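Q: Hi! I've got a structure open and could use a friendly tour. Can we go through it together?

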Amino acid sequence: MNISDKEFMRYSRQILLSNVGEHGQIRIKTSQAIIVGVGGLGTLVAHYLAAAGVGEIVLVDGDKVESSNLPRQLLFSENDIGKNKATVAFIKLQQQYPNIHINVRAEMFTDVLQLDYSKQTVVFDCCDNFESRHLINRFCVKNSLPLISAAAANFSGQLFAYYPSMSGCYNCLYPEQIEVNDNCRSVGILGPMVGTLASMQALIGLKVMLGDKQVFGKLWLFDGNTFQWRTALLEQDPSCSVCVNTEQHVIKESVA
Ligand SMILES: [Zn+2]
């Protein structure tokens, strides 16, 4: 596959980067992003990825736009209240980026979601609840898919990048029996906090699409009061019920 002269001009500032180039832009173009949760994180991640030229984007969300979403979910306006988030995001992004193929799943994520993994796929966990995070994690472990997960609530943000056999998984970090209740519904959030995490999530995702494996197994924590980032390694818990001794499908060579 090649890129056209028009694409070369459009993405020229990306192609200038030594670790992108024309080959990297083709990798981005032939990648698929599955974005689960099209809210504060998901709308921004989808927007950045579409703008960067990610060839296929799948938006998964069964929720509807509410007025309390508007301070941080910048794709939505008052006219969208009551409409499905994934559908509204699809209409707006498709209008702005007609060259990108966007699929809509106006439903809550389940592990039986039928998707095509023939492309280089990266999953983005942009949801806002503990149950869905575990479900997405299990799905990625089972299908050997890279997962970039982000969360933001109050002035705390967290990100991690999982890849099978290279790191621990979400369940290693927060076993299912531990209840984590902090989310923006209960403890509040400022829009730019979500934006900070979403930008990092999109950046890490693009690096993965370009073949960067250094990000896997890393955990980033952001303090929005002191503006400090901390990094840790997400090591596998030998007693994890999800990623230890779990039968996995063949790891996709395209990411290696
Ligand atoms: Zn695990």
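A: Happy to; we'll chat about a metal site, a helix and a sheet, keeping in mind that this is a predicted model.

Q: Which residues are the protein donors of the zinc ion?
A: They are Cys169, Cys172, Cys240 and Cys243, each through its SG atom, lying 2.3 Å from the zinc ion. Along the chain, the donors follow the spacing C-x2-C-x67-C-x2-C.

Q: And what geometry does the site of the zinc ion have?
A: The site is tetrahedral, with angles of 98 to 124° among the four donor atoms.

Q: Is Cys240 buried or exposed?
A: Buried: the cut-off is under 20% relative accessible area, and Cys240 counts as buried because its relative accessibility is 5%. Cys243 counts as buried too, at 8%.

Q: New topic! How many residues of helix 4 are buried?
A: In helix 4, 10 of the 13 residues are buried, so the helix is largely enclosed by the rest of the structure. Among them are Leu41, Val45 and Leu49. Helix 4 covers residues 40–52 and reaches 19 Å from its first C-alpha to its last, close to the 18 Å expected.

Q: What comes after helix 4?
A: Gly53 follows, and its phi is positive, near 100°.

Q: Okay, now the sheet. What order do the strands take?
A: Eight strands form an open sheet in the order 3-2-1-4-5-6-7-8, with mixed pairing. Strand 3 and strand 8 are the edge strands, each pairing on one side only.

Q: How do strand 6 and strand 7 run?
A: They run antiparallel, joined by five bridges. Ser156, for example, has Asp223 in strand 7 as its bridge partner.

Methods
Residues numbered from 1 in each chain as written. Predicted model: local features only at pLDDT ≥ 70, side-chain atom pairs only at ≥ 80, totals over all residues. Heavy atoms only, no water. Donors = N, O, S within 2.8 Å, 3.2 Å for Na, K, Ca; no water. Tetrahedral: all angles 85-135°; square planar, octahedral: opposite > 155°, others 65-115°. Buried < 20%, exposed > 50% of the residue type's maximum accessible area, 1.4 Å probe, protein only. Helix = DSSP H or I, 4+ residues; strand = E, 2+ residues; numbered from the N terminus. Expected span 1.5 Å × (residues − 1). Pairing = 2+ DSSP bridges.
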